[in-house]
Amino acid sequence: MAADALWCASVEAAAHAFVAPGDLDADHLEVGGADGRHLARVRRLGPGEVVTVADGAGRWRPCRIAAVEGDRLRLEPTGPTAVEPEARPRVAVAFAPAKGDQPEQVVAALTELGVDEIIPVTTTRSVVRWSGERAIRAGDRLRRIARGAAEQSRRARLPEVHDPAPLASVSGRADLVVAGRGGLGPGAIGRPGPGGWTLVVGPEGGLDPDEVAALGPTAILGVGPHILRAATAPVAAVGLLWAVRSAEA
């Protein structure tokens, strides 16, 4: 691993925020907007405290707060820009949202677990069905949730979060894995190609057999003998896949 490849969360810091990629290498940085307001007014951070900032694509830098001016923090870098390792194989998760705040919970947890791509999907047995403007608004909300979870977990890479789409949007992807009972262990499903795995997690009640067939070739990842809630199954399945992932510079 290269000398500058380092997990952002390995550095002790009071908070983490994202800045525009072009600003990361500047001699002085600023965090404003919603992030600055949260750090200044909610977290009540002050001069001298250490924070990390990232560009969302893996590059990050340690900084010290030089001043707090209203809802804006002025930062002074305290070290060079580093690059966070990437967990491989890559993992995308297509999950069926349920009612209430379950979609937000799932997106936050998947972000904390290092998932690379998150795809809310509508299935035959889905209760929640977003389309048109509602789907766009839901996608925007889930992207904000992912950003907040990445800041909380000190992650330098933001996941790609899609607008909700039909399950058919992932049909034909290479290395599709469906979470289910009685499937294979993570070490037995086979290493994926360069694109990584796309993990599909159905709603409570599971996917219709015809839907599974329509996805194309799939492997079944066993997530235990019990029936899991829709908010639990994606997290459990990704946790299993972590057992066979490794960090690459």
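This section describes the overall form of a predicted model and then several of its local features.

The secondary structure of the chain comprises five helices and 15 strands. The radius of gyration is 20 Å, close to the 18 Å given by the globule rule for 249 residues, so the chain is as compact as a globular protein of that length. The C-alpha trace extends over about 60 × 40 × 30 Å along its principal axes. Of the 249 residues, 47% count as buried. When contacts between residues at least 6 apart in sequence are considered, 73% of them join residues at least 24 apart. The chain exposes about 11,700 Å², of which carbon and sulfur atoms supply 52%. Charged side chains number 28 positive and 30 negative, and the centres of these two sets lie 4 Å apart.

Helix α2 spans residues 102–112, and nine of its 11 residues are buried, so the helix is largely enclosed by the rest of the structure. The buried residues are Gln102, Pro103, Glu104, Val106, Val107, Ala108, Ala109, Leu110 and Thr111. Their packing partners are the strands β8 (91–95) and β9 together with the helices α3 and α5 (233–242). Just after α2, Gly114 adopts a positive phi of about 85°.

Contacts with α2 are also made from the loop between β14 (218–222) and α5, where Ala231 is found. With neighbours within four places in sequence left aside, Ala231 is in contact with Gln102, Gln105 and Val106. Of these residues, Gln102 and Val106 are among the buried residues of α2. Ala231 itself is partly exposed, at a relative accessible area of 25%. The C-alpha atoms of Ala231 and Trp242 are 18 Å apart in space, with a separation of 11 residues in sequence.

The loop between β9 (117–122) and α3 (132–152) contains Thr123. This residue has a relative accessible area of 4% and is therefore buried, the limit being under 20%. Beyond its neighbours within four places in sequence, Thr123 is in contact with Ala96, Arg129, Leu167, Pro203, Leu207 and Glu211.

Arg173 occupies the loop between β11 (165–166) and β12 (176–180). Its relative accessible area of 29% places Arg173 in the partly exposed class. Not counting residues up to four places away in sequence, Arg173 touches Ala92, Glu117, Ile119 and Thr198. Ala92 falls within the range of β8 (91–95), and Glu117 and Ile119 fall within that of β9 (117–122). A distance of 9.2 Å separates the C-alpha atoms of Arg173 and Gly195, which are 22 residues apart along the chain.

The structure holds zero disulfides. Cys8 takes part in none, and the nearest cysteine sulfur, that of Cys63, is 10 Å away. For Cys63, the closest cysteine sulfur is likewise that of Cys8, and the 10 Å between them is too far for a bond, because a disulfide requires sulfur atoms within 2.5 Å. Both residues are nevertheless buried: Cys8 has a relative accessible area of 0%, and Cys63 also has 0% relative accessibility.

Several backbone features remain to be described. Most residues other than glycine have a negative phi, and most peptide bonds are trans. Against this background, the peptide bond from Arg88 to Pro89 is cis, with omega near 0°. Pro89 is situated in the loop between β7 (86–88) and β8.

Positive phi values occur in two arginine residues, Arg44 and Arg154. For Arg44, phi is near 55°. This residue lies in the loop between α1 (33–42) and β3 (50–54), and its relative accessible area of 66% makes it exposed. For Arg154, phi is about 60°. Arg154 is placed in the loop between α3 and β10 (160–161). In contrast to the exposed Arg44, Arg154 is buried, with a relative accessible area of 12%.

Definitions and conventions
Residues are numbered from 1 along each chain as its sequence is written. This is a predicted model: local features need pLDDT of at least 70, side-chain atom pairs count only at pLDDT 80 or more; totals for chains, interfaces and linings use all residues. Side-chain values use heavy atoms; hydrogens and water are left out. Helices (H or I, at least four residues) and strands (E, at least two) are DSSP runs, numbered from the N terminus. The radius of gyration is taken over C-alpha atoms; the globule rule is 2.2 Å times the number of residues to the power 0.38. Buried means under 20% relative accessible area, exposed over 50%, partly exposed in between (1.4 Å probe, protein chains only). Contact means heavy atoms within 4.5 Å. Accessible areas come from the Shrake-Rupley method with a 1.4 Å probe; for residues, only the protein chains shown count as cover. Lys and Arg count as positive and Asp and Glu as negative; His and the chain ends are not counted. The place of a charge is taken as NZ of Lys, CZ of Arg, CG of Asp or CD of Glu.
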